[in-house]
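Biologist: I would like to learn how to read a protein model. May we take its features one at a time?

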Amino acid sequence: MNSSTPRYSRIAGTGSYLPPRRVTNDDLAAQLAQRGLETSDAWIVERTGIRARHFAEPEVAASDLALHASLAALQSAGCTAADIDLIIVATSTPDMVFPSTATILQNKLGVHGCPAFDVQAVCSGFVYALTVADSMIRTGAARKALVVGSEVFSRILDFNDRTTCVLFGDGAGAVVLEASNEPGLVASELHADGRHLDILCTPGHVSGGAILGDPLLKMDGPAVFKLAVGVLEDVARSVLAKAGREASDIDFLIPHQANIRIMQSTARKLKLSADKVIVTVDEHGNTSAASIPLALDSAVRSGRIRRGDTLMLEGVGGGFTWGAVLLDF
Ligand code: ACO
């Protein structure tokens with residue numbers, strides 16, 4: 001490591017974007033009733049904590065949502081796209097098979113030349129992307145990274161399956177991560193266990209000009225629930241141990257926003273009171289890789305999270321994948 005290699009990366013600014021169309025549980029229940037499926041606001045709120053989600057219009061792609069969130073993050077960091085030397089987009093609903101959504105975003109930002117690539121770790125995507133960007137900054141490969149989570153999950157929902165289509169939404173969140181001699185990201189950890197790939201997947205693929213297999217999301221909800229609560233506690237404790245900190249040092253937990261009951265269970269296990277958990281699942285639904293940066297930006301803009309706060313970000317999702325990042329904001 002030479003003297004100019006930074007010891008840390010830190011979040012210089014945050015941004016997010018939700019497409020304007022807000023769909024309440026009642027709206028969705030009315031839509032499903034037309035297909036002969038029964039659901040209700042009461043069932044969805046009680047089982048998940050979700051009251052509404054946002055859906056993008058058909059012509060709007062993940063890169064479009066990412067662009068809005070990125071511009072907000074750049075503004076909040078006090079820089080422009082020209083200052084960025086690395087772009088990572090976490091998404092499982094990319095604009096196309098290739099090129100990556102990150103290169104499409106780069107072009108929409110009007111900058112060219114810096115490395116840009118996607119990370120695919122489903123709902124853990126943002127934590128994965130942040131960890132990769134942090135590593136690249138700490139080795140001197142980049143100094144100012146744009147790290148984005150962006151999803152249009154409405155595209156892969158099966159509206160004939162009431163057990164899944166009520167859970168997800170569209171949106172994007174972004175951060176500018178820059179080289180710093182002060183923390184910053186303190187510790188992180190990533191995991192995957194491909195033995196569980198069948199419990200949460202969208203197995204369809206393109207072959208010979210046709211879609212082979214089912215291109216819509218499939219989930220064994222109870223199996224995902226059980227795995228998620230276990231790994232989220234374990235990875236949080238492991239990251240705290242790496243950082244030499246205690247759970248009581250956490251000012252705010254920002255878990256992946258899938259289900260309020262999973263978040264409450266994690267907080268209880270870590271002995272964190274409810275006011276230390278950032279919750280946006282009620283208004284956003286599960287936006288997969290976008291959920292953590294969306295929740296972070298909402299809490300920063302509302303003034304709840306302030307500079308100097310210690311944050312634990314935790315992702316869990318298809319793969320099965322999971323991970324956590326501890327940072328001083
Ligand atoms: N409306 C009304 N009833 C419903 C609905 C609905 N939308 N969906 C399911 N039900 C019914 C079921 O058919 C079942 O009826 P039955 O008892 O007559 O068979 C009953 O409700 C209970 O179903 P369960 O699946 O057992 O309900 P559960 O309490 O487990 O809640 C849920 C389901 C919300 C999906 C829960 O399991 C969960 O949140 N799992 C984790 C999901 C998650 O976190 N996913 C994201 C992971 S991140 C990623 O990578 C995408």
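Modeller: The turns that follow treat burial, contacts, the ligand shell and the annotated domains. Please keep in mind that this is a predicted model.

Biologist: Let us begin with burial. Which residues of helix 4 are buried?

Modeller: A residue counts as buried when its relative accessible area is under 20%. In helix 4, which spans residues 101–109, the buried residues are Thr-101, Ala-102, Ile-104, Leu-105, Gln-106 and Leu-109.

Biologist: Against which elements do the buried residues of helix 4 pack?

Modeller: Packing is read from contacts, that is, heavy atoms within 4.5 Å. The buried residues of helix 4 pack against helix 3 (62–77), strand 4 (86–90), strand 5 (116–119) and strand 6 (144–152). Just after helix 4, Gly-110 takes a positive phi of about 75 degrees.

Biologist: Strand 4 was named there. Is Ile-87 buried or exposed?

Modeller: Ile-87 lies in strand 4. Its relative accessible area is 0%, so Ile-87 is buried. Leaving aside residues up to four places away in sequence, Ile-87 touches Ala-102, Leu-105, Gln-106 and Leu-109, and also Cys-114, Pro-115, Ala-116, Phe-117 and Leu-146. Residues distant along the chain may also be compared in space: Ile-87 and Asp-118 are 31 residues apart along the chain, and their C-alpha atoms are separated by 8.5 Å.

Biologist: May we turn to a residue with a charged side chain? Where is Lys-144 found, and is Lys-144 buried or exposed?

Modeller: Lys-144 is found in strand 6. Lys-144 is classed as buried because its relative accessible area is 19%, and the cut-off is under 20%. Beyond residues up to four places away in sequence, Lys-144 touches eight residues in two stretches of numbering, including Asp-83, Asp-85 and Glu-178.

Biologist: Which side chain forms a polar contact with Lys-144?

Modeller: A polar contact is a pair of N or O atoms within 3.5 Å. The side chains of Lys-144 and Glu-178 are joined by such a contact, of 2.7 Å. In contrast, Lys-144 and Thr-266 are 122 residues apart in sequence and 32 Å apart in space, C-alpha to C-alpha.

Biologist: How should a loop residue be read, for example Asp-193?

Modeller: The same two steps apply, place and then burial. Asp-193 sits in the loop between strand 8 (185–192) and strand 9 (200–201). Asp-193 is buried, because its relative accessible area is 14%. Apart from residues up to four places away in sequence, Asp-193 touches Gly-319, Phe-320 and Trp-322.

Biologist: Now the ligand. Which residues come nearest to the ligand?

Modeller: One reads a shell of residues around the molecule. Of the 27 residues around the ligand, Thr-39, Arg-47, Cys-123, Asn-259 and Gly-317 come nearest. The shell divides into 14 nonpolar, nine polar and four charged residues. Helix 7 gives the most, with four residues.

Biologist: Which protein atoms lie close to polar atoms of the ligand?

Modeller: A polar side-chain atom of Thr-39 lies 2.6 Å from a nitrogen atom of the ligand. A polar backbone atom of Arg-162 is 2.9 Å from a nitrogen atom of the ligand. In the side chain of Asn-259, an N or O atom is 2.4 Å from an oxygen atom of the ligand. The protein covers 74% of the 1000 Å² of accessible area that the ligand has on its own.

Biologist: Finally, what does the UniProt annotation say of residues 240–328?

Modeller: An unreviewed UniProt entry annotates residues 240–328 as "domain: Beta-ketoacyl-[acyl-carrier-protein] synthase III C-terminal". Over residues 240–328 the chain is 33% helix and 22% strand.

Terms used. Residues numbered from 1 in each chain as written. Predicted model: local features only at pLDDT ≥ 70, side-chain atom pairs only at ≥ 80, totals over all residues. Heavy atoms only, no water. Buried < 20%, exposed > 50% of the residue type's maximum accessible area, 1.4 Å probe, protein only. Polar contact = N/O pair within 3.5 Å; in protein donor to acceptor, adjacent residues only side chain to side chain. UniProt positions renumbered as here; feature names shortened; annotations may be inferred. Near = heavy atom within 4 Å. Areas by Shrake-Rupley, 256 points an atom, 1.4 Å probe, with all protein chains shown as cover. Nonpolar A, V, L, I, M, F, W, Y, C, P; charged D, E, K, R; others polar.
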